[in-house]
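User: Please take a close look at one strand of this model and its place in the sheet. I would like a connected account of its surroundings and its partners.

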Amino acid sequence: MKIVGVTKCPTGIAHTYAAAERLEKVGKKLGNDVKIETQGAQMTENSLTGKEIAEADYVIIAADVAIDGMERFGGKKILKIPIKPVLKNTEEVFASLEEKAQYWEEADKSGQSDVLLQLMNGASHMIPFVVVGGLFISLSLSFGGETTRHGIVIFSEFWGKINAIGQLAFTLMYPILAGFIAFSISGRASLAPAMIGAMVATDGEILGIGEGTGFFGCIIVGYLIGYLVKWMNSWKVSKALRPMMPIFVIPLFGVSVVSLLFIGILGKPVLFVMKTLNSLLAFLSDSPSTAIVLGLVLGAMIGVDMGGPINKVAFLFGVASISEGELQIMGIVSSAIAVAPLSMGLAALINRKKFTEEERGTGIYTIFMGIIGISEGAIPFATSDPRHVLPAIIIGSAVSGAMAAVVGVTSAVPHGGIIVAFFGATNHILLYLLCILTGTLVSVILVLLFKKNVLERK
């Protein structure tokens, strides 16, 4: 069979390329002609041509976010699945094509992703803004800040400008989040009303409640505009008026509706929910006993599927906390992110008999992935022996998270790994590294203790 496909994960880094490689390798092994397009963080690679799509018997869309150019596949038989099943059992994906693939019509493109995928699409576009903002603010405070009785104050003009750029990036992340949630639901026409609506929802003066509704308000705006525009796209309008819809009618109507809703109804309740959640997080973080529980839960969530949906829920929890000025949640998450790849890479180097030749060959590379905060580096180890590897990773990640919660480690950037310490984005570099090291050692000990030698498993 001729099969084409697209892979795309929320961060556009490891999962995207690992899934594409698995599909092409296994597909060709099964006798198929396979070509997979990767929509990564930097660019789209191995792009599918119109001829290749037309000649394909099936299309595989392995994605955890909405993909670009879905309209190309109108009329083709498509199998849409998350990335995790591809990495876990690639042969089963190909075996299920005939039974599960369905014809997809171009008219259905506005409804291509479910609620979680829509949220992930917004988050994946937002993350670079938060990273840049967090790093610029951290650097400005580290090198230009002076401690006074009013807190850290920046007197340097240069570092003051760096701080202002960081704050600007943080301001932009709100409309980007809302805009691309809406975009994944109803396309380009929803971008302007969603982005403007997000600015309204985060402006306390416009809302008349003193404060904006922040991260949660923008999520609500994204979904409201997305489905509102999707409904408007279904209107039967005359040919003469159709060009006016995306540039005039939809933006004007969308911004008016969401602004009225937030000013008149939603502003105060959303702000109340946001403040309540922040207060709860502050309460849990303050007490050592509750901080341990918080750290254990978030750390385990990070380790359980290494970049998958559960991991991303915990990660987004940390991102939301950064946007509200609570940095400790991200500190917990950042510490736990590095544990899986660091521990599996080290274990493969320490006791080579327990790992396959392929795993041993990627040991150094996996450690590097841990250093730069890409937990997906441990996925090959988990898929080859989940019964022994996953418990070790989950327990080690939970230990790292609990330690970070107890000692009060923070992170100002939505990322993990040792690299966070190099950028000075944490409040205590040595404690941060100690949390990562402790969780990593726990995972290494557990996996080497219980994992059987490769020859014994055959």
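Analyst: Two strands are taken as paired if DSSP finds at least two bridges between them. With that criterion in place, the strand examined here is β4, residues 58-63, in what is a predicted model.

In β4, the bridge partner of Lys-8 is Ala-63. Lys-8 belongs to strand β1, which spans residues 2-8 and is joined to β4 by six bridges, the two strands running parallel. Another position in this pairing is Ile-3, whose bridge partner in β4 is Tyr-58.

Strand β5, residues 77-81, also pairs with β4; here four bridges connect the strands, and they too run parallel. Within this pairing, Val-59 has Ile-78 of β5 as its bridge partner, while Ile-61 stands opposite Lys-80.

The wider arrangement is an open sheet of six strands with mixed pairing, in the order β3-β2-β1-β4-β5-β6. At its edges stand β3 (44-45) and β6 (102-103); each has a single partner strand, so one side of each is left without a neighbour in the sheet. Helix α1, residues 14-29, packs on this sheet and touches β4 as well as β1, β2 (33-39) and β3. The direction of α1 makes about 175° with that of β2.

How is β4 placed with respect to burial? A residue counts as buried when its relative accessible area is under 20%. By that cut-off, six of the six residues of β4 are buried, so the strand is largely enclosed by the rest of the structure. The cover extends to both faces: Tyr-58, Ile-60 and Ala-62 are buried on one side, and Val-59, Ile-61 and Ala-63 are buried on the other. Residues already named for their bridges therefore reappear here, since Tyr-58 and Ala-63 are among the buried residues of β4.

The partner strand β1 can be described in similar terms. Six of its seven residues are buried, so β1 is likewise largely enclosed by the rest of the structure. Besides its pairing with β4, β1 is joined to β2 by six bridges, and these strands run parallel. One position in that pairing is Gly-5, which stands opposite Ile-36 in β2. Between the two strands the chain passes through α1, and this β-α-β crossover from β1 to β2 is right-handed.

Notes. Residues numbered from 1 in each chain as written. Predicted model: local features only at pLDDT ≥ 70, side-chain atom pairs only at ≥ 80, totals over all residues. Heavy atoms only, no water. Buried < 20%, exposed > 50% of the residue type's maximum accessible area, 1.4 Å probe, protein only. Contact = heavy atoms within 4.5 Å. Axes fitted to C-alpha atoms, helices over the stretch in contact; angles between N-to-C directions. Right-handed = clockwise from strand over helix to strand, strands pointing away.
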